Amino acid sequence: MDEKKGPNYSAPALYFPDGNDTRQMEITSLNIEGEFYIAQAFMTYTFTYKNPIKKNVSGLFTFPTEGTVTHFEAVFPDGRMIDTAVIAREDLEQMEKQKPKGKKGSDQLNELAKGVPDLFRIPVQGIKKNEEFTVTVQVLETLEFRPDQRYHLDLKTTFEKGIQDGAISIQFQIH
């Protein structure tokens, strides 16, 4: 990663530390499926990643979108799984009212509430050396109506060189 520019948020990425540097994990395959309904699309992105180094790592998965991430799941070969659900702002506020004992829990909640605009992010921990695993993200996107009298969906797949050099499988269903 270019330290002067910072992270590239023009495509999904899994960042992990490697010595004094932060790297992106290579995507070995990417499948994109979409269902379109007039002005909205329900998109499912399935990434396959492989830990390229000979040690266990933890990373941060980032997904740029103006849409709503409705589900995230990471599945590992040994059966481990990271799964999420969408938390409404009202539920977060209710959780803050029921603060856990000590300051650390509250600080963690506040940290989770912060973010980069239009960037979904989630930690992915315990990636074993040379392990291949899948990440699935489901997103509800609003389609942009452009002057050519058509709806458009921009797929954010401008990957840095060497991150995703293979074919991307894309399947669409229009309703």
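In which strand does R146 lie? R146 belongs to strand 10, and we will come back to its neighbours below. Keep in mind as you explore that this is a predicted model. The protein chain has 175 residues, and buried residues make up 32% of them. Two helices and 12 strands are found in the chain.

**The overall layout**
- Following the sequence, you meet the elements in the pattern β-β-β-β-β-β-β-α-α-β-β-β-β-β.
- Take the contacts in the protein chain between residues at least 6 apart in sequence: 71% of these join residues at least 24 apart.
- The accessible surface of the protein chain is about 11,100 Å², and carbon and sulfur atoms account for 50% of that surface.

**Aromatic rings**
- A pair of aromatic rings is described by two things, namely the distance of the centres and the angle of the planes.
- The structure contains 10 aromatic pairs.
- One of these joins Y45 and F47: the ring centres are 6.5 Å apart and the planes meet at 10 degrees, so this pair is stacked.
- F47 also pairs with Y49, and that pair is stacked too, with 5.9 Å from centre to centre and 20 degrees between the planes.
- Are these three residues buried or exposed? Y45 is buried, with a relative accessible area of 4%.
- F47 has 0% relative accessibility and counts as buried, and Y49, also at 0%, counts as buried as well.
- Zooming out, ring pairs link Y45, F47, Y49, F61, F63, F72, F76, F120 and F133 into a cluster.
- F76, one of the cluster members, has a charged neighbour: R80 lies over the face of the F76 ring, at 4.1 Å from the ring centre.

**I38 and a patch on the surface**
- Where is I38 found? Look in the loop between strand 3 and strand 4; strand 3 covers residues 27-37 and strand 4 covers residues 40-50.
- I38 counts as exposed because its relative accessibility is 68%, and the cut-off for exposed is over 50%.
- Together with F145 and Y151, I38 makes a nonpolar surface patch of about 350 Å².

**Two residues with a positive phi**
- Most residues other than glycine have a negative phi.
- I38 is not a glycine, yet its phi is positive, at about 45 degrees.
- Q149 is not a glycine either, and its phi is positive at about 65 degrees.
- You can find Q149 in the loop between strand 10 (144-146) and strand 11 (150-152).
- Q149 is exposed, with a relative accessible area of 58%.

**Back to R146**
- R146, in strand 10, has a relative accessibility of 24% and therefore counts as partly exposed.
- Which residues does R146 touch, not counting those up to four places away in sequence? The contacts of R146 are H152 and D154.

Terms used
Residues numbered from 1 in each chain as written. Predicted model: local features only at pLDDT ≥ 70, side-chain atom pairs only at ≥ 80, totals over all residues. Heavy atoms only, no water. Patch = residues over 30% accessible without salt bridge, like charges linked within 9 Å, V, L, I, M, F, W, Y side chains within 5 Å. Areas by Shrake-Rupley, 256 points an atom, 1.4 Å probe, with all protein chains shown as cover. Salt bridge = Lys/Arg side-chain N within 4 Å of Asp/Glu carboxyl O. Helix = DSSP H or I, 4+ residues; strand = E, 2+ residues; numbered from the N terminus. Buried < 20%, exposed > 50% of the residue type's maximum accessible area, 1.4 Å probe, protein only. Contact = heavy atoms within 4.5 Å. Phe/Tyr/Trp six-rings, centres within 6.5 Å; stacked < 30°, edge-to-face > 60°. Lys NZ or Arg CZ within 6 Å of the ring centre and 35° of its normal.
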